[in-house]
Amino acid sequence: MSPAEEEKSLPLPGRWPRASKFALSACAAAVAELVTFPLDLTKTRLQVQGEAAVRGSGAGAGQAVPYRGMLCTAAGIVQEEGLIKLWQGATPAIYRHIVYSGVRMVAYEHLRDSVLGRPEDGSFPFWKAVVGGMCAGAIGQFFASPADLVKVQMQMEGRRKLEGKPLRFRGVHHAFMKILSEGGVRGLWAGWVPNVQRAALVNMGDLTTYDSVKHFLLLNTPLVDNSVTHSVASCCSGLVAAVLGTPADVVKTRVMNQPRDKQGRGLLYKSSMDCLIQTVQGEGFMSVYKGFIPTWMRMAPWSLVFWLTYEQIRRICGVTSF
């Protein structure tokens, strides 16, 4: 049998391993995103609540908005906007995760197995896992940043309607086109710096923790490579990712959601560092952990659903375990 015929006889994952892994991770991410999206919407609303820069600019003058916690915010969305609004912005979120999760998973495995070099026994030095996780997250988020921008802005449309402000977008396609027409291609990457910073930190918690905990359990405990091991590792990764990523997530949300001039420049914050300084000075240090509970409550089940789905899909399709 010739090499070409031998290659054609291989299953699809064997012929196109990276494309197959991209598709599998995108499918798992889409499932996890739909299941946990209401918590993401609640988290986003909490993160812009009581924004000091808005009060200082006069945009929120005369609007005494009482602080609402996670449950009250979620209940308020249902009562004031309707149950279906808990999934407002889900479409661009799924688009974002198809790109983001697909790229980051392929990038991490390539860095781990080819660039950084994992030994055959499955062990992987922690510092290499950190480098691989941060790089993979940053690369994936950079490519997915336009979809993330649309998701954040669409998630705030319900609040704008309640405040008597005109809606900015009619749908996902209109949002993309409007942002493109007003800010050009560069406008689609507005807020990409804090976005990439957040993704690097989150993936240092998510990918690094999952990979490290999973292989630690396999090498040092009686546990085998099954759903129990995957569940334990994913729970650990969700907690660490929430702790590391929430401050950068608050900054990212505020930078992306701020109003902009005709040149696409932000009117409230000059940069992600300026946003961080204004937030801490105006609202206190703990303000950078606004939305931590829904972030954690979302990341924990998101990680659990994603990793269990991803590992099972890989097994079914004949791809080696992550």
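The exercises below, each with a worked solution, concern a predicted model of a protein.

**Exercise 1. The overall make-up**

Find how many helices and strands the protein has, and what share of its residues is buried.

Solution. Begin with the elements: the protein has 13 helices and zero strands, and from the N terminus on they therefore read as an unbroken run of α, namely α-α-α-α-α-α-α-α-α-α-α-α-α. Turn next to burial, where buried residues make up 48% of the 322 residues in the protein. Finally, look at the contacts with a separation of 6 or more, of which 77% are accounted for by residues 24 or more positions apart.

**Exercise 2. The largest nonpolar core**

Determine which elements give two or more residues to the largest nonpolar core, and which residues are in contact with Leu 207 once its neighbours within four places in sequence are left aside.

Solution. The first step is to locate the core, which has 21 residues, and in which Met 105, Tyr 108, Leu 207, Phe 306, Trp 307, Tyr 310 and Phe 322 have the most contacts inside it. The second step is to assign it to elements: two or more residues come from each of helix H3 (17–47), helix H6 (90–115), helix H7 (126–155), helix H10 (192–220) and helix H13 (292–316). Of these, H13 gives the most, with five residues. The third step is to follow Leu 207, which, its neighbours within four places in sequence aside, is in contact with Arg 104, Met 105, Tyr 108, Gly 133, Ala 136, Trp 307 and Phe 322. There is also a second, separate core of 11 residues, which includes Val 150, Met 154, Phe 169 and Ala 190.

**Exercise 3. How H7 meets H10**

Describe the angle between H7 and H10, and the classes of the residues in their contact.

Solution. Start from the axes, which come within 6 Å and cross at roughly 135°. Because this angle lies between 115 and 145 degrees, H7 is oblique to H10. The crossing of the two helices is right-handed. On the H7 side, the residues making the contact include Gly 133, Ala 136 and Gly 137, while those on the H10 side include Ala 199, Ala 200 and Leu 207. Sorted by class, the contact has 13 nonpolar, eight polar and one charged residues.

**Exercise 4. Two helices that meet H13**

Work out how H10 and H6 each pass H13, and which residues make the contacts.

Solution. Take H10 first: its axis and that of H13 come within 13 Å and cross at roughly 55°, and the two helices are therefore oblique to each other. H10 passes H13 in a right-handed crossing. Arg 198, Val 202, Asp 206, Leu 207, Tyr 210 and Lys 214 of H10 make this contact with Met 299, Ser 303, Trp 307 and Glu 311 of H13, and the residues divide into five nonpolar, one polar and four charged.

Now take H6, which packs with H13 at an angle of about 65°, their axes being 14 Å apart. H6 also passes H13 in a right-handed crossing. Here His 97, Ser 101, Arg 104, Met 105 and Glu 109 in H6 meet Arg 298, Trp 302, Phe 306, Trp 307, Tyr 310 and Arg 314 in H13, giving five nonpolar, two polar and four charged residues.

**Exercise 5. Placing Ala 75**

Decide whether Ala 75 is buried, partly exposed or exposed.

Solution. First find its place, which is in helix H5 (residues 70–81). Its relative accessible area is 33%, and because this value lies between the limits of 20% and 50%, Ala 75 is partly exposed. As a last step, note that the C-alpha atoms of Ala 75 and Thr 42, which are 33 residues apart along the chain, are separated by 9.6 Å.

Methods: Residues are numbered from 1 along each chain as its sequence is written. This is a predicted model: local features need pLDDT of at least 70, side-chain atom pairs count only at pLDDT 80 or more; totals for chains, interfaces and linings use all residues. Side-chain values use heavy atoms; hydrogens and water are left out. A nonpolar core is a set of buried Ala, Val, Leu, Ile, Met, Phe, Trp, Tyr and Cys residues joined through side-chain atoms within 4.5 Å. Buried means under 20% relative accessible area, exposed over 50%, partly exposed in between (1.4 Å probe, protein chains only). Helices (H or I, at least four residues) and strands (E, at least two) are DSSP runs, numbered from the N terminus. Contact means heavy atoms within 4.5 Å. Axes are lines fitted to C-alpha atoms, for helices over the stretch in contact, and angles run from 0 to 180 degrees between N-to-C directions. Angles under 35 degrees count as roughly parallel, over 145 as roughly antiparallel, 65 to 115 as roughly perpendicular and the rest as oblique. A crossing is left-handed if the near helix is turned anticlockwise from the far one by less than a right angle, and right-handed if clockwise. Ala, Val, Leu, Ile, Met, Phe, Trp, Tyr, Cys and Pro count as nonpolar, Asp, Glu, Lys and Arg as charged, and the others, Gly among them, as polar.
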